[in-house]
Amino acid sequence: MKKKAGVNQISNRANCIINIFFLIYAILCIAPLLLSLGVSLTDEKEVILHGFNFIPRKFSLDAYRFLFQDASHVFRAYGVSIFVTVVGTLFSVMLTALYAYPISRKDFPAAKFFTFFIFFTMLFNGGLVASFYINTQLFHFKNRLYSLLLPLMMNPFNVLIVRTFYKQSVPKSIIESSKIDGASEFRIFIQMVLPLSKPAIATIALFDTLCYWNDWFSSLLYISDVKLYSLQYTMYTALMNIKYLLKFGETSSDALNSLGTVPTQTVRFAMVLIAIGPIILAYPYFQKHFVKGLTIGALKG
């Protein structure tokens with residue numbers, strides 16, 4: 001006799017279909033990365049003649065040799081990006097959590113004002129010219145590591161996410177009982193609220209990590225010292241150099257000779273792999289909290 005599925009259960013056939021769907025979806029997500037790996041390890045001439053393939057027709061490391069001509073420069077850029085990402089994420093999460101906590105409390109008199117204050121910045125800003133002038137002339141954001149940290153340190157969207165989590169997932173009874181026991185607001189926040197807010201904290205930490213790691217625009221605006229280039233901006237400048245060779249190769253014999261030795265197609269895919277390497281390590285750490293953090297604000301049935 002066929003067993004009926006319960007109210008909160010699905011049939012074996014539906015479960016199989018769902019698993020197949022997500023398996024195909026996972027393959028589609030991994031396929032571009034595998035293609036990038038295959039093309040980056042292929043000889044440039046083979047790519048031009050036969051197009052992109054997952055399996056290299058002729059194995060070659062020319063793309064990586066080109067990018068690592070000055071290996072010290074690349075590794076220094078790695079160090080800058082790792083430092084900025086780690087330090088920036090820590091301070092950004094700390095400031096976001098500290099700002100979101102008081103505006104989530106109904107007994108805080110200025111909660112509405114500071115909520116509107118942070119929300120207003122999501123709708124209106126001074127623009128690129130005004131922010132660039134203030135940052136360079138007033139705060140001296142020029143060839144300093146903090147010029148890569150401070151512009152991205154406070155994200156209004158993340159503040160509102162954490163505020164919503166505090167209001168919906170942190171029981172008021174815990175805060176009230178802690179006050180009765182004589183705990184200060186800071187101790188309540190550190191020992192009671194933060195341990196219950198791991199999903200929200202992990203979610204915004206992942207967002208901040210990706211934001212800092214992928215940022216190249218801050219380097220473009222505020223950094224002219226090669227020693228302070230981030231990894232993304234280093235890859236960007238390498239790509240611009242290749243485009244320069246492609247554009248002026250017809251009129252410049254020196255550029256044309258250089259163009260013959262530059263793997264213009266495969267190096268683009270090598271850049272992808274070099275740039276995403278360390279950031280992949282962040283996902284396993286945040287994964288267990290990430291799904292729960294994304295469901296912030298969902299209603300309980």
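The second largest cavity of this predicted model is lined by Thr42, Glu46, Val47, Gly51, Phe52, Asn53 and Arg57. Its volume is about 30 Å³, and its lining is made up, by class, of two nonpolar, three polar and two charged residues. This space belongs to a set of two cavities of 30 Å³ or more that the structure holds.

The largest cavity encloses about 60 Å³ of space. Its lining consists of Val80, Ser81, Val84, Thr85, Leu148, Tyr212, Asp215, Ser219 and Ser230, a group that divides into four nonpolar residues, four polar residues and one charged residue. Helix α4 makes the greatest contribution to this lining, supplying four residues. As for the principle behind such a search, rolling a probe the size of a water molecule over the atoms shows where empty space is left.

In addition to the cavities, the largest pocket was examined, and about 640 Å³ of space was found to lie in it. The pocket is lined by 24 residues, and those nearest its centre are Ser131, Asn135, Leu150, Pro151 and Leu152. When the lining of the largest pocket is sorted by class, 15 residues are nonpolar, eight are polar and one is charged. At least two lining residues come from each of the helices α6 (127-138), α11 (198-214) and α12 (217-222), with α6 giving the most, namely six residues.

On the surface, Ile82, Val86, Leu90, Phe91, Met94, Leu95, Leu98 and Met154 together make a nonpolar patch of about 680 Å². One of these residues, Ile82, lies in helix α4, which spans residues 71-103. Ile82 has a relative accessible area of 40% and is therefore classed as partly exposed. Helix α4 thus carries a residue of the nonpolar patch, Ile82, and also gives four residues to the lining of the largest cavity.

Charged contacts were considered next. Side chains of opposite charge can pair when their charged atoms come close. A search of the whole structure finds five salt bridges. Among them is the pairing of Arg65 with Asp62, in which the closest N and O atoms are 2.9 Å apart. Because Arg65 and Asp62 are three residues apart in helix α3 (residues 62-67), about one helical turn separates them. Arg65 is exposed, its relative accessible area being 51%, whereas Asp62, at 34% relative accessibility, counts as partly exposed.

A further salt bridge joins Asp107 to Arg105, with a separation of 2.8 Å between the closest N and O atoms. The two partners fall into separate accessibility classes: Asp107 is partly exposed, with a relative accessible area of 47%, while Arg105, at 11%, counts as buried, since this value is under 20%. Lys179 likewise forms a salt bridge with Glu185, where the closest N and O atoms lie 3.5 Å apart. For Lys179 the relative accessibility is 36%, so that this residue counts as partly exposed, and Glu185, with a relative accessible area of 36%, is also partly exposed. These pairs are not isolated from each other, as Arg105, Asp107, Lys179 and Glu185 are linked in a network of salt bridges. The network accordingly includes the buried residue Arg105 together with the partly exposed residues Asp107, Lys179 and Glu185.

Technical notes
Residues numbered from 1 in each chain as written. Predicted model: local features only at pLDDT ≥ 70, side-chain atom pairs only at ≥ 80, totals over all residues. Heavy atoms only, no water. Patch = residues over 30% accessible without salt bridge, like charges linked within 9 Å, V, L, I, M, F, W, Y side chains within 5 Å. Areas by Shrake-Rupley, 256 points an atom, 1.4 Å probe, with all protein chains shown as cover. Salt bridge = Lys/Arg side-chain N within 4 Å of Asp/Glu carboxyl O. Buried < 20%, exposed > 50% of the residue type's maximum accessible area, 1.4 Å probe, protein only. 1 Å grid on protein atoms, 1.4 Å probe; cavity = no way out; pocket = protein on both sides within 12 Å on 5 of 7 lines; lining within 4 Å. Points joined across faces, edges and corners; volume = space filled by probe spheres on them. Nonpolar A, V, L, I, M, F, W, Y, C, P; charged D, E, K, R; others polar.
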